[in-house]
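Colleague: I would like to go through this model feature by feature. Please give the general idea where there is one, then the case here.

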Amino acid sequence: MLDIQQLRTGLDDVVQQLAKRGFAFPADAFNALEAERKKIQTQTEELQAQRNAASKKIGQAKAKGEDVTAIMNEVAHLGDALKQAEAHLDQVKNDLQKMLLEIPNLPHASVPEGKDETHNVQMRTWGEPRRFDFDIKDHVSIGEGLGLLDFETAAKLSGARFSLMKGGLARLHRALAQFMLDTHTQEHGYQETYVPYLVSRDSLLGTGQLPKFEQDLFAVNAGGADSTGAPEYHLIPTAEVPITNMVRDEIVPLNALPLKYVSHTPCFRSEAGSYGRDTRGLIRQHQFDKVELVHIVHPDRSYEALEQLVGHAEKILQKLGLPYRVMTLCTGDMGFSAAKTYDIEVWLPGQNAYREISSCSNCEAFQARRMQARFRSENGKPALLHTLNGSGLAVGRTLVAVLENYQNADGSVTVPEVLRHYMNGLDQLRNSEQNANKI
RNA sequence: GGAGAGAUGGCCGAGUGGUCGAAGGCGCUCCCCUGCUAAGGGAGUAUAGGCACAAAAAGCUUAUCGAGGGUUCGAAUCCCUCUCUCUCCGCCA
């Protein structure tokens, strides 16, 4: 959420900045609402002040045992007018709030201007894509070839865009998550957290998924789909939601900053509207695992923290020996809550392309304002925090990258050195009688 | 799921219709005193808005005692609904 003060005092600038990210701010509607708000609020508060003063007088008079009918008459007519004014004010404020909640964050000055992902700017690359002297397969063929990846059965269980992994592949998936968690907690100073996978609407409002992106979420009702009323819970689309909301309505002591949390969770996305893209394989699923990094920081430190955050995510790819590049997203490609975003894209030989595996964003005070997440600042006053989040990394896509980059001519896959410890020393996934064995 | 108790400021805790944004304590900040320390004395110490102003300060004003609604001239206090916490019972991984 943007600062309404900023809209009142510098609307033109805000409109211009939002235009850069392709958002048309309804300035006229805002100005009209704001003018009305001002009028009604003044009027309402005037009436309230009258009432309060009269009530006080009544109280004082009664205490002295005086007759109060005169004052009572004086105040009697206020009731209806006040009620009406209050209702009107509520409505106008609600409309304003609704408008405010649907406005995306302003891009940071350093963000390149552009319409879509073709205007993202490459910052750096790491590693050399490996040369293969055999015909390479994509991860689907590799996984199915091993007898360890089974989309058909997953479809039977749930439908499209779900996956079933078995044996060494399921274990490799787990190993990746463990490895990421261990690295971030032991080397990067994050506190491991276990969080709810079902969250309230308030939490989703806080991080910006609601009210605008309800279509992308899965909703859950206790007692089944035909239960009446609004959904009680939503499945988390990312651990960013529960982790960041830990500080909602809190005032964090200055000396507790920065807070750095990591959590491994499943993520659930309906991805409405993206059908037809990445229909094959593990790239785009309704359910996937992710290790999420969140920083809650002092506003002066958030861009410093963003660089660290990206570095921590990169470290995982480096240790796994997976080539990648880091992109700064342009204004038109950034997410709703972000002021600046770096994407990390890993090299996928099966697609002969770099594909997003991590997205690291500084949301500045955008989420904090929605959440009323504050810290007690140097002058003793509460001030809004800055929040950042980033994948460190998307586990499913990392698995894809490992399969494709570490594939061998005979269809086997070499287990990266750093993961063997988590695989009981196993150094290769290969097909076997056992793997091929039915369900 | 059943029965009961509760939710007040950074924390503890008083307050059952009026001058209460809220006693008292703790903590914190500043000052005084004390040759260090400890003890003592004094003052201050919620948040978010609005108005006005070029802006800040001061000022005026509104809201907030878990949330929402209601009764009333007036609600922390009375009524209703909800949420959460705790205790006991049941069930359950």
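Modeller: What follows covers the sheet, the helices across it, the RNA surface and one loop residue. Keep in mind that this is a predicted model.

Colleague: Let us start with the sheet. What is the order of the strands in the open sheet?

Modeller: In general, strands of a sheet pair through backbone hydrogen bonds, in either a parallel or an antiparallel way. Here eight strands form an open sheet with mixed pairing, in the order S1-S9-S10-S11-S14-S8-S7-S2. Strand S1 (121–126) and strand S2 (191–192) are at the edges with a single partner strand each, so one side of each has no neighbour in the sheet.

Colleague: How do strand S9 and strand S10 run, parallel or antiparallel?

Modeller: Strand S9 (residues 324–328) and strand S10 (residues 340–348) are antiparallel and joined by five bridges. To follow the register, take methionine 327, whose bridge partner in S10 is aspartate 343.

Colleague: Which strands does helix H11 lie across?

Modeller: Helix H11 (residues 302–320) lies across S1, strand S7 (259–268), strand S8 (287–297), S9, S10, strand S11 (353–362) and strand S14 (386–394). Its direction is at about 5 degrees to S14. Helix H13 (residues 395–405) lies across S8, S10, S11 and S14, at about 35 degrees to S14.

Colleague: Now the RNA. Which residues come nearest to RNA strand B?

Modeller: There are 23 residues around RNA strand B, of which Arg8, Arg37, Lys38, Glu45 and Ser55 come nearest. By class, that surface has 10 charged, seven polar and six nonpolar residues. On the RNA side, sugar or phosphate accounts for 72% of the strand B atoms within 4 Å of the protein, and bases for the rest.

Colleague: What do glutamate 45 and serine 55 approach on the RNA?

Modeller: Both approach base nitrogens of RNA strand B: a polar side-chain atom of glutamate 45 lies 2.7 Å from one, and a polar backbone atom of serine 55 is 2.8 Å from one. For arginine 374, a side-chain N or O atom is 3.2 Å from a sugar or linking oxygen of RNA strand B. The elements giving two or more residues to the surface near the RNA are helix H1 (4–9), helix H3 (27–63) and helix H4 (69–76). H3 gives the largest share, 15 residues.

Colleague: Last, threonine 193. Is that residue buried or exposed?

Modeller: Threonine 193 has a relative accessible area of 12%, which is under the 20% limit, so the residue counts as buried. Threonine 193 sits in the loop between S2 and strand S3 (198–199). Leaving out residues up to four places away in sequence, threonine 193 touches Ile243, Tyr261, Val262 and Ser263.

Terms used
Residues numbered from 1 in each chain as written. Chains lettered and ligands numbered in written order. Predicted model: local features only at pLDDT ≥ 70, side-chain atom pairs only at ≥ 80, totals over all residues. Heavy atoms only, no water. Pairing = 2+ DSSP bridges. Helix = DSSP H or I, 4+ residues; strand = E, 2+ residues; numbered from the N terminus. Contact = heavy atoms within 4.5 Å. Axes fitted to C-alpha atoms, helices over the stretch in contact; angles between N-to-C directions. Near = heavy atom within 4 Å. Polar contact = N/O pair within 3.5 Å; in protein donor to acceptor, adjacent residues only side chain to side chain. Nonpolar A, V, L, I, M, F, W, Y, C, P; charged D, E, K, R; others polar. Buried < 20%, exposed > 50% of the residue type's maximum accessible area, 1.4 Å probe, protein only.
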